[in-house]
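Colleague: I would like a close look at a single part of this model, the place where two helices pack against each other. Please take me through the residues there and what surrounds them.

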Amino acid sequence: MAKGIIHVQDEMARIVEEEKKIPEEKTRKEQESRKESIYTAKELANNARKLFDTRPECVAAALKSAKKESCSISEAKEIIKKFMKKEIK
């Protein structure tokens, strides 16, 4: 019986070590994306002031330039942030 317990503990220790090898940032982003709801570009634009502190037109333009018809709020924030920093030519 003790050998079985030791084997399980060894296996768990091996799994923990393997998980440490996975980049933490990637794991965190995957977990966040699994939890977040997906919204249409129109829904995000309609709530632009409350969610992103910007105008609906900016949200619509940013998502359109990124060719996104739907995405999560955090993904939209990144897209909008990059869009607003673009240099106007």
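Modeller: What follows goes from the whole chain to the helix pair, then to the core and the loops beside it. Bear in mind throughout that this is a predicted model.

The chain has six helices and two strands, and from the N terminus the elements run α-α-β-α-α-α-β-α. Of its 89 residues, 17% are buried. Taking contacts between residues at least 6 apart in sequence, 50% join residues at least 24 apart.

The pair to look at is α5 and α6, whose axes are 9 Å apart and meet at an angle of about 95°. Because angles from 65 to 115 degrees count as roughly perpendicular, α5 is roughly perpendicular to α6. On the α5 side the contact is made by Cys58, Val59, Ala61, Ala62, Leu63 and Ser65, and on the α6 side by Ala76, Ile79, Ile80, Phe83 and Met84. By class, that contact has ten nonpolar residues, one polar residue and no charged residues. In soluble globular proteins, nonpolar side chains tend to be buried together.

Alanine 62 is a useful place to stand within this contact. Alanine 62 belongs to helix α5 and has a relative accessible area of 0%, so it counts as buried. Setting aside neighbours within four places in sequence, alanine 62 contacts Ile79, Ile80 and Phe83. Its C-alpha atom is 8.5 Å from that of alanine 76, although 14 residues separate the two along the chain.

The next residue to consider is leucine 63. Not counting residues up to four places away in sequence, leucine 63 touches Ala41, Leu44, Lys68, Cys71, Ala76 and Ile79.

These residues lead into the largest nonpolar core, which has twelve residues: Ala41, Leu44, Ala45, Ala48, Phe52, Val59, Ala62, Leu63, Cys71, Ala76, Ile79 and Ile80. At least two residues of this core come from each of α3 (41-46), α4 (48-52), α5 (56-65) and α6 (73-85).

Two cysteines deserve a note here. Cysteine 71 is buried because its relative accessibility is 1%, under the 20% limit. Cysteine 58 is also buried, with a relative accessible area of 13%. A disulfide is a covalent bond between the sulfur atoms of two cysteines. The count of disulfides in this model is zero.

Now to the loop between α4 and α5, where threonine 54 is found. Threonine 54 counts as buried because its relative accessibility is 10%, under the 20% cut-off. Beyond its neighbours within four places in sequence, threonine 54 is in contact with Ala48, Arg49, Val59, Ile80 and Met84. Among these, Val59 and Ile80 are members of the core, while Met84 is one of the α6 residues in the helix contact.

Aspartate 53 sits in the loop between α4 and α5. Aspartate 53 is exposed, at 70% relative accessibility. It is not a glycine, yet its phi is positive, at about 55°. Most residues other than glycine have a negative phi.

Past α5, in the loop between α5 and β2 (70-71), is lysine 67. Its phi is likewise positive, near 55°, in a residue other than glycine. Lysine 67 is exposed, with a relative accessible area of 75%.

Terms used:
Residues numbered from 1 in each chain as written. Predicted model: local features only at pLDDT ≥ 70, side-chain atom pairs only at ≥ 80, totals over all residues. Heavy atoms only, no water. Disulfide = S-S within 2.5 Å. Buried < 20%, exposed > 50% of the residue type's maximum accessible area, 1.4 Å probe, protein only. Core = buried A, V, L, I, M, F, W, Y, C linked by side-chain atoms within 4.5 Å. Helix = DSSP H or I, 4+ residues; strand = E, 2+ residues; numbered from the N terminus. Contact = heavy atoms within 4.5 Å. Axes fitted to C-alpha atoms, helices over the stretch in contact; angles between N-to-C directions. Parallel < 35°, antiparallel > 145°, perpendicular 65-115°, else oblique. Nonpolar A, V, L, I, M, F, W, Y, C, P; charged D, E, K, R; others polar.
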